[in-house]
Each structure stands twice: as structure tokens, then as C-alpha cells.
Amino acid sequence: MKKHPQIFLYPLFTLLYAGFFSVGAKCLLDLLGCVMAMSLDGKSVVEQYPRYIPFCLVVGLLSLGALVLLAALNIKFRKKLKYNQTVWIIQFVCAFVISIPMIK
């Protein structure tokens, strides 16, 4: 029985999408919370956590870059992995659903 590599790569790509998306979403939500706190309390949030906002920006941009790179790899190997539209849809829906509990 011949093993197909795409059987192992479909879940790998899905988990990587979910992981990078959840890290990016967490950073975005934290930045949004900091901005809302700054609008209510003034600069107290920035004074209490001076390195947190730049950290969230850097990590969020790195996760966005990783998502773009991962999508480019996925597109590059789509013929080898025999992707069709159904596989793409299932992959992105599963990645989104998996990433929701990972954000917490």
C-alpha cells in the first residue's frame, strides 16, 4: 500500500495556519485592549507595561509574515499535494475553528 504524503501535510498546514493565526489574533486583541485602556485611563497602561505594546506589534507582524509565507508555500506545492477547492475550504475552516480556543 502506497502512502500519500498529502495525508500528513494537510493537517500540518492546517495546524500551522491555526497556530500563527491565533498568535496574531491574540496580539491584535491585546493591542486593541491597550488602546481602549489608554483612551480611558490616559497613559497609565503604557507606563505600567512599556515594552508590551512593541512586543505585541513585533510578534503580530511576525505571525502575519509567517501566515503569508505559509500560504505561499501552500500555493507553490498545490499541484504536488493535489489541492482542490474543497481541500482549501476545509483547511481554512478547520484552521479558523482550531484557532479560536488557542487564542485564549
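1. Nonpolar core. In this predicted model, the largest nonpolar core is built from nine residues: Phe13, Tyr17, Ala18, Leu70, Leu81, Tyr83, Val87, Trp88 and Ala95. At least two residues of this core come from helix 1, and at least two from helix 5.

2. Ala18. Ala18 and Ala95 are both members of the core. Once neighbours within four places in sequence are set aside, Ala18 is in contact with Ala95, Ile98, Ser99 and Met102.

3. Aromatic pairs. The count of aromatic pairs is three. One of them joins Tyr17 and Phe92, with 5.0 Å from centre to centre and 50 degrees between the planes, and is classed as tilted. This pair links distant parts of the chain: Tyr17 belongs to helix 1 (residues 6-41) and Phe92 to helix 5 (residues 85-103), and the two are 75 residues apart.

4. Exposure within the Tyr17 and Phe92 pair. Tyr17 has a relative accessible area of 5%, so this residue is buried. Phe92 has 39% relative accessibility and therefore counts as partly exposed. A nonpolar core takes in buried residues only in the sense of under 20% relative accessible area, and Tyr17 is listed in the core.

5. Phe21 and Phe96. The ring centres of Phe21 and Phe96 are 6.0 Å apart and their planes are at 55 degrees, so this pair is tilted. Here too, distant parts of the chain are linked, with Phe21 in helix 1 and Phe96 in helix 5, 75 residues apart. Phe21, at a relative accessible area of 34%, is partly exposed. Phe96 is partly exposed as well, with 48% relative accessibility.

6. Aromatic cluster. Tyr17, Trp88 and Phe92 make up one aromatic cluster. Of these residues, Tyr17 and Trp88 also appear in the nonpolar core.

7. Nonpolar surface patch. Phe21, Ile89, Val93, Phe96, Val97 and Ile100 form a nonpolar surface patch of about 550 Å². The greatest contribution to the patch is from helix 5, which supplies five residues. Ile89 is located in helix 5 and is partly exposed, with a relative accessible area of 47%. Phe21 and Phe96, both in the patch, are the partners of the tilted pair with centres 6.0 Å apart.

8. Helix 1 and helix 5 together. Which helices each supply at least two residues of the core? They are helix 1 and helix 5. The link from Tyr17 to Phe92 runs between these helices, as does the link from Phe21 to Phe96.

Notes: Residues are numbered from 1 along each chain as its sequence is written. This is a predicted model: local features need pLDDT of at least 70, side-chain atom pairs count only at pLDDT 80 or more; totals for chains, interfaces and linings use all residues. Side-chain values use heavy atoms; hydrogens and water are left out. Rings of Phe, Tyr and Trp (its six-membered ring) pair if their centres lie within 6.5 Å; planes under 30 degrees apart count as stacked, over 60 as edge-to-face and the rest as tilted. Helices (H or I, at least four residues) and strands (E, at least two) are DSSP runs, numbered from the N terminus. Buried means under 20% relative accessible area, exposed over 50%, partly exposed in between (1.4 Å probe, protein chains only). A nonpolar core is a set of buried Ala, Val, Leu, Ile, Met, Phe, Trp, Tyr and Cys residues joined through side-chain atoms within 4.5 Å. Contact means heavy atoms within 4.5 Å. Patches are made of residues with over 30% relative accessible area and no salt bridge: like charges are joined within 9 Å, nonpolar side chains (Val, Leu, Ile, Met, Phe, Trp, Tyr) within 5 Å. Accessible areas come from the Shrake-Rupley method with a 1.4 Å probe; for residues, only the protein chains shown count as cover. A salt bridge is a side-chain nitrogen of Lys or Arg within 4 Å of a carboxyl oxygen of Asp or Glu.
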